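User: Hello! I have a structure open here and would love a close look at a single part of it, the sheet, along with whatever surrounds it.

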Amino acid sequence: MSKLLRALTHKRGPAPAQGAEVEALERVRQEQKRQIRALEKVAGHLLQQRGALPLPPTSLRVRVGRVEHAGNFWAQGLDSSQRVLEVFGADPGGPVLDWGCGSGRTLSWLRGVGTWDRWWRGSDVDRHAIKWLRQQGIASVVVCGDEPPLPYPDESFNGLFCFSVLTHIPPQLHAAWYADIRRVLRPGGRAYITVHGDWNMSNGKGFTEADRQAYAASGCHWSEREGHYKHAATVSRAFTERALGPGWEVESYREAGYHSMDDLIVRRL
Ligand SMILES: C[S@@+](CC[C@H](N)C(=O)[O-])C[C@H]1O[C@@H](n2cnc3c(N)ncnc32)[C@H](O)[C@@H]1O
């Protein structure tokens with residue numbers, strides 16, 4: 001950040017910027033926007049060269065994240081794909097479901113890596129995202145329902161991952177979703193899951209003292225905001241372990257293990 005911008009935006013700084021200061025601030029802002037656009041152009045070009053999907057339209061990007069600009073979409077997908085590769089490796093050895101795949105933010109980076117082109121499967125309730133993926137030539141995608149079951153036979157998958165999906169599903173449905181995830185996994189199959197957990201309740205914005213007390217008692221919190229997938233679930237580790245039920249081995253549980261979300265790896269027994 002430039003000295004000028006720092007001076008103008010400093011919390012304890014003088015009265016709000018005026019006149020020439022406002023103009024200078026605006027020039028800095030415009031220059032930063034130009035630089036972001038230039039970097040996005042370079043990144044987009046490099047991504048196309050390595051076989052990534054095109055950038056989905058803004059109308060789809062805003063359905064998977066609060067920040068709609070291209071750089072954010074790509075950066076989030078890079079992070080999630082790296083986590084997938086850490087958990088499942090470059091050759092998952094069988095089908096892996098990207099449950100709540102949206103418009104392929106993670107897939108874009110997995111394409112061309114090891115055997116992922118062969119094994120990636122995707123599903124989402126968002127029929128617009130699934131239609132767009134099909135238009136890009138991705139056939140292994142289906143629309144699923146808001147509630148289980150997933151549209152797959154029992155024991156279809158070697159693995160499943162879901163980035164910020166249960167974070168948008170009411171806590172009272174988590175147990176049913178875990179049971180269905182277990183159903184579609186083969187014995188020994190693993191699932192990588194992110195949830196908003198205790199870290200979010202302690203550090204997240206918008207919780208009142210009453211929310212925190214209710215969460216301490218119930219282990220969960222649900223808030224409804226404008227736009228279907230803006231709804232947000234926060235669940236404690238104990239809540240998630242109860243919701244999982246028997247039939248799982250919890251390989252790992254990390255508080256704020258993935259961005260501000262807790263992440264867990266579970267293995268179907
Ligand atoms: C925050 S976005 C994350 C998208 C994707 N996992 C990613 O990381 O790019 C949440 C996604 O979950 C999807 N979703 C919400 N409820 C779902 C459900 N019951 N089944 C499948 N997908 C769901 C939404 O449509 C949206 O695409």
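To get my bearings before we zoom in, into which domains is the protein divided?

Analyst: Happy to help! Please keep in mind that this is a predicted model. The protein is divided into domain 1, covering residues 2–49, and domain 2, covering 58–268. Between the C-alpha centres of domain 1 and domain 2 there are 34 Å. Where the two touch, domain 1 contributes 6 residues and domain 2 contributes 4 residues. On the domain 1 side of that contact, 4 residues are nonpolar, 1 is polar and 1 is charged.

Now to the sheet itself. It is an open sheet of 7 strands with mixed pairing, and reading across it gives the order S3-S2-S1-S4-S5-S9-S8. Strand S3 (141–143) and strand S8 (248–258) are the edge strands, each pairing on one side only. From one strand to the next, the twist averages 15°.

Let's walk in from the S3 edge. S3 runs parallel to strand S2 (residues 120–124), and 3 bridges join the two. Ser-123 has Val-142 of S3 as its bridge partner. Moving on, S2 pairs with S1 in the parallel sense, this time over 4 bridges. Here Ser-123 of S2 turns up again, standing opposite Trp-99. Following Ser-123 in both directions therefore takes you from Val-142 in S3 across to Trp-99, with strands counted as paired when at least two bridges link them.

Strand S1 deserves a pause. Both of its faces are covered: Val-96 and Asp-98 are buried on one side, and Leu-97 and Trp-99 are buried on the other. Beyond S1 comes S4, which runs parallel to S1 and is joined to it by 3 bridges. Leu-97, one of the buried residues of S1, stands opposite Leu-160 in S4.

What packs against all this? Helix H8 (residues 174–184) lies across strand S1 (96–99), strand S4 (157–162), strand S5 (185–195), S8 and strand S9 (261–268). The direction of H8 makes about 140° with S5. Helix H11 (residues 237–244) also packs on the sheet, where it touches S5, S8 and S9. The direction of H11 makes about 25° with that of S9.

If you'd like a route for your viewer, start at the edge strand S3, pass through Ser-123 in S2 to Trp-99, continue from Leu-97 to Leu-160 in S4, and finish with H11 over S5, S8 and S9.

Note on methods. Residues are numbered from 1 along each chain as its sequence is written. This is a predicted model: local features need pLDDT of at least 70, side-chain atom pairs count only at pLDDT 80 or more; totals for chains, interfaces and linings use all residues. Axes are lines fitted to C-alpha atoms, for helices over the stretch in contact, and angles run from 0 to 180 degrees between N-to-C directions. Two residues are in contact if their C-beta atoms, placed from the backbone, lie within 7 Å. A residue is buried if 20 or more other C-beta atoms lie within 10 Å of its own, exposed if 12 or fewer, and partly exposed in between; C-beta atoms are placed from the backbone. Domain bounds come from an automatic or database domain assignment. Ala, Val, Leu, Ile, Met, Phe, Trp, Tyr, Cys and Pro count as nonpolar, Asp, Glu, Lys and Arg as charged, and the others, Gly among them, as polar.
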